[in-house]
Amino acid sequence: MRITVVVPTFYSMKYVDQCLDSVLAQTYDDMEVIVYDNESSDGTYEHLKSRRDEGEEFKLISIPNVEPNGYREAMDHVFDNCKSDYVTFISSDDYVDKDYIKRYMKVIDESPVDVKCIQSGLIWINDQRQIINQKYHTYESLEDFKKLCMTYCPVNNPTVLYHKSIWPLLNKSREAHFENNLQDIGVGDYDMWCGLADKDIPIVSITGYLGYFYRWHSEQATWKVQKDPTNYDKIIQDYWRKKWKM
């Protein structure tokens with residue numbers, strides 16, 4: 001199985017080398033690496049171009065910055081042009097263990113069910129690479145997943161692997177039923193998971209950690225969204241609670 005690993009960047013000079021080094025060091029052979037830069041003006045794109053020009057094997061694509069707190073642009077482009085079986089995204093301020101993709105693909109290969117979407121645990125770290133938290137989600141069924149969605153988002157977004165075949169459902173499940181564009185705000189993923197569940201697409205959850213290190217810091221996009229006084233989680237929960245009659 002072939003996988004495309006995407007690294008979205010936006011003003012990423014502080015952490016991008018560590019992230020990209022960890023992705024390029026993966027022990028899984030059948031993969032490609034694509035870096036998408038969202039019009040950074042801090043030298044991120046030029047630095048990455050220099051690394052690529054020196055012979056490192058990754059594609060570098062510059063795309064307009066539409067969504068300020070997420071990577072919708074990269075997701076749209078990679079799925080529209082995808083030739084791999086699976087796609088995953090590694091945030092430019094995070095990094096992964098060298099066997100991360102290899103472990104993931106082994107789980108998928110040995111799964112008794114056809115895996116369309118899957119997540120694993122997160123290892124939270126600070127800038128000193130000290131572990132400050134660990135988190136994974138468990139649920140027994142699609143109905144259990146829906147119930148959890150009524151209180152919080154039960155998906156570790158950075159760890160998710162997507163099969164290319166679900167892109168039409170991913171694309172259609174985003175934002176159409178909301179007045180505001182949740183993707184542009186940076187909170188649309190929560191709604192997207194609910195949209196997949198509504199289409200009977202389960203997000204398989206690995207009850208453990210495969211090697212994704214999630215950096216928690218004050219400039220992180222998630223932190224910026226949480227500072228917004230609007231309770232977007234409640235907006236999403238209220239919509240799906242009504243639709244699912246829960």
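Student: Does K14 count as buried or exposed?

Tutor: K14 counts as exposed, at 65% relative accessibility, because the cut-off for that label is anything over 50%. Keep in mind that this is a predicted model.

Student: Which side chain does K14 meet in a salt bridge?

Tutor: Such a pair is read from the separation of nitrogen and oxygen, with a limit of 4 Å. The partner of K14 is D127, and the N to O distance is 3.7 Å. This pair links distant parts of the chain, 113 residues apart: K14 belongs to the loop between β1 (3-9) and α1 (16-24), and D127 to the loop between β7 and β8. D127 is partly exposed, with a relative accessible area of 35%.

Student: Which other side chain meets D127 in a salt bridge?

Tutor: R215 does, with N to O again given as 3.7 Å. R215 lies in strand β11 while D127 is in the loop between β7 and β8, so the pair ties together parts that are 88 residues apart in sequence. R215 is buried, having a relative accessible area of 2%. D127 therefore has a salt bridge to exposed K14 and another to buried R215.

Student: How many salt bridges does the structure hold?

Tutor: The total is 18. One of them joins R103 and D97, whose closest N and O atoms are 3.1 Å apart. R103 is partly exposed, with a relative accessible area of 34%, and D97 is also partly exposed, at 26% relative accessibility. Salt bridges can also form a network, as they do in linking D17, D21, R51 and E56.

Student: How do the strands β7 and β8 run?

Tutor: They run antiparallel, and 4 bridges join them. To read the register, look for residues that face each other: I123 stands opposite Q134 in β8. The two strands form a hairpin with 5 residues between them. In the turn, R129 has a positive phi of about 65 degrees.

Student: Over which ring does the charged end of R129 sit?

Tutor: Over the ring of Y95, at 5.6 Å from its centre. R129 can thus be picked out by its backbone angle in the turn and by its side chain over that ring.

Student: How are pairs of aromatic rings described?

Tutor: A pair of aromatic rings is described by the distance of the centres and the angle of the planes. A search of the whole structure finds 15 aromatic pairs. Take W124 and W216: the centres of their rings are 5.4 Å apart and the planes make 25 degrees, so this pair is stacked. The two residues are 92 apart along the chain, with W124 in strand β7 (residues 122-125) and W216 in the loop between β11 (212-215) and α9 (221-226). W124 counts as buried at 17% relative accessibility, whereas W216 counts as partly exposed at 23%.

Student: Why is the pair of Y136 and Y209 edge-to-face?

Tutor: Their planes are at 70 degrees, with ring centres 5.4 Å apart, so the pair is edge-to-face; the label needs an angle over 60 degrees. Y136 is in the loop between β8 (131-135) and α5 (142-149) and Y209 in the loop between β10 (204-205) and β11, so the pair ties together parts 73 residues apart in sequence. Y136 counts as partly exposed at 37% relative accessibility, and Y209 is partly exposed with a relative accessible area of 31%.

Student: Which residues do ring pairs link into a cluster?

Tutor: F79, F89, Y162, W167 and W193. W193 is also one of the buried residues of α8.

Student: How many residues of helix α8 are buried?

Tutor: An α-helix has 3.6 residues a turn, so residues three or four places apart point the same way. In α8 (residues 188-198), 9 of the 11 residues are buried, and the helix is mostly covered. The buried ones include G188, Y190, D191, M192, C194 and L196. After α8 comes D200, with a positive phi near 65 degrees.

Student: What are the totals for helices, strands and buried residues?

Tutor: The protein has 10 helices and 11 strands, and buried residues make up 50% of its 246 residues. Of the contacts with a separation of 6 or more, 78% are between residues 24 or more positions apart. The accessible surface is about 11,900 Å², and carbon and sulfur atoms account for 48% of that.

Technical notes. Residues numbered from 1 in each chain as written. Predicted model: local features only at pLDDT ≥ 70, side-chain atom pairs only at ≥ 80, totals over all residues. Heavy atoms only, no water. Buried < 20%, exposed > 50% of the residue type's maximum accessible area, 1.4 Å probe, protein only. Contact = heavy atoms within 4.5 Å. Areas by Shrake-Rupley, 256 points an atom, 1.4 Å probe, with all protein chains shown as cover. Phe/Tyr/Trp six-rings, centres within 6.5 Å; stacked < 30°, edge-to-face > 60°. Lys NZ or Arg CZ within 6 Å of the ring centre and 35° of its normal. Pairing = 2+ DSSP bridges.
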